[in-house]
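With the structure open in your viewer, please follow the stops below in order, selecting the named residues at each one before reading on.

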Amino acid sequence: MYSVLILAGGQSRRMGRNKAFLDWRGRPLIADLIDRFRPISDDVILIAPDLKPFQGLNARLVPDPLPPVGPLGGLWSGLLSARHEWAFAMACDMPLVDPRVVEWMFEQRGEADAVVPLDDQGRPEPLHALYRASCLNAIASALACGQRAMLAFYPAIRVRYLAPSIWRAVDPEGRSWRNINTPEDWKQLQGEIP
């Protein structure tokens, strides 16, 4: 079992409105994401700097650290609050995230501290990844040094990278970590989904 951390702290500048509340299949995207993971996790956590808009959702609400330090701070807060040793961390703007892909990733963890897919260009997808509580000290050290990049703590932990040649067996197109940044992205996605 693992916790699920949904990071909803972005400012959605390019979208022009809060991506968590985009209408997805007749309901807010964030509500759909939470409910999608409820059958496989008893600990779904939403992390954001302002929790007021998220009251009433079926998730535990955890504030970002103050002052905000970006998604790395959200990951730290989420891992610190998680009830399980492992947690799946994702952004709130991934409408196609597939819990079956996450379950498969969890099976790949071995002795790693993190399980992270690589995109087709070999870049890590840190907000569609599994992290162990053992990452907390490395994250805290990175933040204490003023580092805010999501990958800043990776050199201090054991990362199991999942190359496209591995993950294509469960997600042939890498749809699970496709995110939405602009109104154009959103419109294109809606045109693709029946």
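**A charged cluster**

Begin by selecting Arg36 and Asp32: Arg36 is buried, and Asp32 is buried as well. The model you are looking at is a predicted one, and these two residues open its first stop. Both Arg36 and Asp32 belong to helix α1, which covers residues 29-37, and they sit 4 residues apart, about one turn of the helix. Display their side chains and you will find a salt bridge between Arg36 and Asp32, in which the closest N and O atoms are 2.2 Å apart.

Now add Arg27 and Asp35 to the selection, since shared salt-bridge partners join Arg27, Asp32, Asp35 and Arg36 into one network. Asp35 pairs with Arg27, with 2.6 Å between the closest N and O atoms, while Asp32 also forms a salt bridge with Arg27, where the closest N and O atoms are 3.9 Å apart. Colouring by accessibility helps here: Asp32 has a relative accessibility of 12% and counts as buried, whereas Arg27, at a relative accessible area of 29%, is partly exposed, and Asp35, at 32%, is likewise counted as partly exposed. For the structure as a whole, the number of salt bridges is 11.

**A loop residue with several contacts**

Next, select Asp93, which you will find in the loop that runs between β6 (86-91) and α3 (99-107). Is Asp93 buried or exposed? Asp93 has a relative accessible area of 5%, so it counts as buried. If you then show its surroundings, leaving out residues up to four places away in sequence, the residues that Asp93 touches are Lys19, Leu29, Arg178, Asn179, Ile180 and Asn181.

**The second largest pocket**

From there, turn to the second largest pocket, whose volume is about 180 Å³. To centre the view, select Leu96, Val97, Asp98, Arg175 and Ser176, which are the closest to the pocket's centre among the 14 residues that line it. Colouring the lining by residue class then separates it into 7 nonpolar, 1 polar and 6 charged residues.

**Another loop**

Move on to Gln147, which lies in the loop between α4 (136-144) and β9 (159-162). Gln147 is partly exposed, its relative accessible area being 38%. Once neighbours within four places in sequence are set aside, the contacts of Gln147 are with Leu72, Ala142 and Ala152. For a sense of scale, draw a distance from the C-alpha atom of Gln147 to that of Ile34: the two residues are 113 residues apart along the chain, and their C-alpha atoms are separated by 29 Å.

**Two cysteines**

For the last stop, how many disulfides does a search of the whole structure find? The search returns 0 disulfides. Select Cys135, which takes part in no disulfide and whose nearest cysteine sulfur, belonging to Cys145, is 16 Å away. Cys145 is also in no disulfide, and for Cys145 the nearest cysteine sulfur is that of Cys135, 16 Å away. A disulfide requires the two sulfur atoms to be within 2.5 Å, and this is why the pair Cys135 and Cys145, with sulfurs 16 Å apart, does not count as one. The two cysteines can also be set side by side in their surroundings: Cys135 is buried, with a relative accessible area of 0%, whereas Cys145, at 62% relative accessibility, counts as exposed.

Technical notes
Residues numbered from 1 in each chain as written. Predicted model: local features only at pLDDT ≥ 70, side-chain atom pairs only at ≥ 80, totals over all residues. Heavy atoms only, no water. Buried < 20%, exposed > 50% of the residue type's maximum accessible area, 1.4 Å probe, protein only. 1 Å grid on protein atoms, 1.4 Å probe; cavity = no way out; pocket = protein on both sides within 12 Å on 5 of 7 lines; lining within 4 Å. Points joined across faces, edges and corners; volume = space filled by probe spheres on them. Nonpolar A, V, L, I, M, F, W, Y, C, P; charged D, E, K, R; others polar. Helix = DSSP H or I, 4+ residues; strand = E, 2+ residues; numbered from the N terminus. Contact = heavy atoms within 4.5 Å. Salt bridge = Lys/Arg side-chain N within 4 Å of Asp/Glu carboxyl O.
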